[in-house]
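Biologist: Please take one part of this model and go through it closely. Start from a loop and work outward from there.

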Amino acid sequence: MSDLKFVADSLPNIPWEARPAGCSEVLWRFSQNPVIPRNLLPISNSIFNSAVVPYQGAFAGVFRVDHRTRQMTLHSGKSADGINWQLSPERIHFVGDDPEINIFEYGYDPRVCWIEDRYYVTWCNGYHGPTIGVGYTTDFETFYQLENAYLPFNRNGVLFPRRIKGKFAMLNRPSDNGHTPFGDIFYSESPDMMHWGRHRWVMKPVGGWQSTKVGAGPIPIETSEGWLMIYHGVLTSCNGFVYSFGAALLDLDEPWKVMYRTAPYLLSPQTLYECVGDVPNVAFPCAALCDGDTGRLAIYYGGADTVTCLAFTYVSELVDFIKANSL
């Protein structure tokens with residue numbers, strides 16, 4: 001799609017590997033996966049489902065680190081190339097005005113989104129059950145915590161990278177207090193990143209690889225064909241949940257309206273590092289880097305709830321694939 005337009009800064013040092021010879025897939029895995037092993041830190045049992053953004057000519061992010069105590073925590077990290085990472089050995093200690101909200105119970109599956117003048121962080125935050133924590137940073141050293149966005153129970157809080165009709169906007173998935181066997185994606189908005197409402201239904205599970213639940217993944221990318229949303233879908237097999245991911249195009253002005261949605265998955269658990277780990281058969285996308293000059297797209301995803309991996313595509317090819325293979 002040569003006339004496709006999309007919003008992305010120039011990112012000449014984006015992590016990248018050309019499509020392998022003979023590969024006809026729209027999305028292909030990095031040959032050196034996983035990029036972050038489970039034991040990168042001495043205290044880590046696993047490092048997965050993490051968020052990465054461009055930062056000062058290099059890269060930074062917030063990472064899910066499950067400790068050897070099996071506590072779920074968030075750590076900051078930086079990288080020159082987006083592949084070799086240095087993670088802080090200490091978990092993020094959010095600074096907050098309300099000690100009740102600021103008490104840390106657990107945190108997992110973060111996303112990071114640059115909006116206007118800061119990097120906002122959303123994550124699944126423990127507050128009498130899972131809800132969406134919201135915070136921000138400007139330097140990936142000091143992190144400030146705001147009010148939780150929703151009542152428990154909720155997961156997969158994913159911000160849009162700009163205001164929509166003057167309001168902050170977020171995708172989320174109401175859930176329960178356990179390993180939720182259901183889940184639709186909803187859209188919510190806020191005037192101030194504190195009070196969230198005007199909830200709108202986006203999509204539900206359908207069949208096959210996305211028949212049990214769905215949830216938003218990386219920060220949506222604005223294109224002339226709509227918001228490009230990569231999302232995970234889950235099926236329930238005789239051996240438990242299987243997490244794959246696909247993509248959809250949402251209306252630019254009313255993002256709860258789904259215009260196209262992939263019938264086939266883009267990537268499903270098929271390699272050793274996706275099929276074998278603490279939670280088998282999981283490919284869970286949480287972040288994407290996009291180069292505005294070439295349309296290259298690098299997607300970070302968790303493998304088997306254990307390691308962090310990379311896959312690649314082009315924005316234009318992915319948009320074409322979604323439209324040609326829509327439900």
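Modeller: P34 sits in the loop between strand 1 and strand 2 (strands are DSSP runs of E with at least two residues, helices runs of H or I with at least four, both numbered from the N terminus). The model is predicted, so local features need pLDDT of at least 70 and side-chain atom pairs count only at pLDDT 80 or more, while totals for chains, interfaces and linings use all residues. Residues are numbered from 1 along each chain as its sequence is written, and side-chain values use heavy atoms, without hydrogens or water.

The peptide bond joining N33 and P34 is cis, with omega of about -5 degrees. Most peptide bonds are trans.

Strand 1, on one side of this loop, belongs to an open sheet of 4 strands in the order 1-21-20-19, with antiparallel pairing (two strands pair if DSSP finds at least two bridges between them). The edges of the sheet are strand 1 (28–29) and strand 19 (283–290), each of which pairs on one side only.

From the strand 19 edge, the sheet can be followed inward. Strand 19 and strand 20 are antiparallel over 7 bridges, and A288 has I299 in strand 20 as its bridge partner. The two form a hairpin with 5 residues between them, and in its turn G295 has a positive phi of about 80 degrees.

Strand 20 (residues 296–303) is then joined to strand 21 (residues 307–314) by 8 bridges, again antiparallel. Y300 is bridged to L310, and Y301 to C309. This hairpin has 3 residues between its strands; A304, in the turn, has a positive phi of about 55 degrees. Most residues other than glycine have a negative phi.

Of the 8 residues of strand 20, 7 are buried (buried is under 20% relative accessible area, exposed over 50%, partly exposed in between, with a 1.4 Å probe and protein chains only). Helix 3 (residues 315–324) lies across strand 19, strand 20 and strand 21, at about 85 degrees to strand 21. Contact here means heavy atoms within 4.5 Å; axes are lines fitted to C-alpha atoms, for helices over the stretch in contact, and angles run from 0 to 180 degrees between N-to-C directions.

The packing can be placed against the cores (sets of buried Ala, Val, Leu, Ile, Met, Phe, Trp, Tyr and Cys residues joined through side-chain atoms within 4.5 Å). The largest nonpolar core has 33 residues, with L171, M193 and M229 making the most contacts inside it. Its largest share, 4 residues, comes from strand 11 (residues 168–174). Apart from that core lies another, of 24 residues, and I230, I299, C309 and V319 are among them.

On the other side of the starting loop is strand 2. Strand 2 (44–55) and strand 19 are among the elements that give two or more residues to the lining of the largest pocket, as are strand 6 (107–115) and strand 15 (221–223). The lining comprises 31 residues, with V7, A8, D9, P54 and W114 lying nearest the centre of the pocket.

After strand 2, Q56 lies in the loop that leads to strand 3 (58–67). Q56 is not a glycine, yet its phi is positive, about 50 degrees. Q56 is exposed, with a relative accessible area of 68%.

Key: On a 1 Å grid over the protein atoms alone, a cavity is a set of points where a 1.4 Å probe fits but cannot get out, and a pocket is an open set with protein on both sides within 12 Å along at least five of seven lines; lining residues have an atom within 4 Å of a point.
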